[in-house]
Amino acid sequence: METLKLLYDFFPTAVYTGKCLVFISEDWRVELTEHKDNDYTKGAAQPALIRVRVFKKALNGEFVPGHFEDFQLPTLNELAEQIEKYVQMAIGANLRERTTEDG
């Protein structure tokens, strides 16, 4: 969860739930979760794997899972940059700004 806590500083509109970072708008929900590889036989510690899951609001008002992508980059800056770019392309909104569509 260390990486998620550090990513929280990059994305001020996120909500940290204790297990994931969540971005939510009227039409979208994006979740970032951290996964660690517990295989200690690999020697050098690998950076944490961050899974980005995108949900779209259905007509019934529930968020339906769409797609996800796993990110595992060596530096926090590069990780945040690539996650931001991915989500912007997926939902058409900037994570650093308010994600509600005010019209």
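Immediately following helix α2, glycine 92 adopts a positive phi of about 75 degrees. This residue offers a convenient point of entry into the structure, which is a predicted model. From here the description moves back into the helix, then to the elements that cover its buried residues, and finally to the chain as a whole.

Helix α2 comprises 16 residues, spanning positions 76-91. From its first C-alpha to its last it reaches 22 Å, close to the 22 Å expected at 1.5 Å a residue. Its buried residues are Leu79, Ala80, Ile83, Glu84, Tyr86, Val87 and Ile91. Viewed down the axis of α2, these buried residues fall within an arc of 165 degrees, and they therefore line one face of the helix. The spacing of such positions follows a general rule: an α-helix has 3.6 residues a turn, so residues three or four places apart point the same way. Glu84 is included among the buried positions of α2, whereas Asn77 and Met89, on the other side of the helix, are exposed.

What lies over the buried residues of α2? The cover includes helix α1 (2-10) together with the strands β3 (28-35), β4 (49-57) and β5 (63-71).

The three strands named in that cover are also linked by pairing. β3 and β4 run antiparallel to each other and pair over eight bridges; within this pairing, leucine 32 has valine 52 of β4 as its bridge partner. β4 in turn pairs with β5, again in the antiparallel sense, over seven bridges. Here arginine 51 stands opposite aspartate 70 in β5. The hairpin formed by β4 and β5 has five residues between the strands, and in this hairpin glycine 61 takes a positive phi near 95 degrees. Positive phi values are thus found at glycine 61 in the hairpin and at glycine 92 just after α2.

These elements can now be placed in the whole chain. The protein chain contains two helices and five strands, and along the sequence they follow the pattern α-β-β-β-β-β-α. Among contacts with a separation of 6 or more, 44% join residues 24 or more positions apart. One instance of contact between parts of the sequence is the cover of α2, which includes α1 (2-10). Of the 103 residues in the chain, 32% count as buried. The chain exposes about 6700 Å², of which carbon and sulfur atoms supply 51%.

Terms used
Residues are numbered from 1 along each chain as its sequence is written. This is a predicted model: local features need pLDDT of at least 70, side-chain atom pairs count only at pLDDT 80 or more; totals for chains, interfaces and linings use all residues. Side-chain values use heavy atoms; hydrogens and water are left out. Helices (H or I, at least four residues) and strands (E, at least two) are DSSP runs, numbered from the N terminus. The expected span of a helix is 1.5 Å times one less than its number of residues. Buried means under 20% relative accessible area, exposed over 50%, partly exposed in between (1.4 Å probe, protein chains only). The arc is that of the directions from the helix axis to the C-beta atoms. Contact means heavy atoms within 4.5 Å. Accessible areas come from the Shrake-Rupley method with a 1.4 Å probe; for residues, only the protein chains shown count as cover. Two strands pair if DSSP finds at least two bridges between them.
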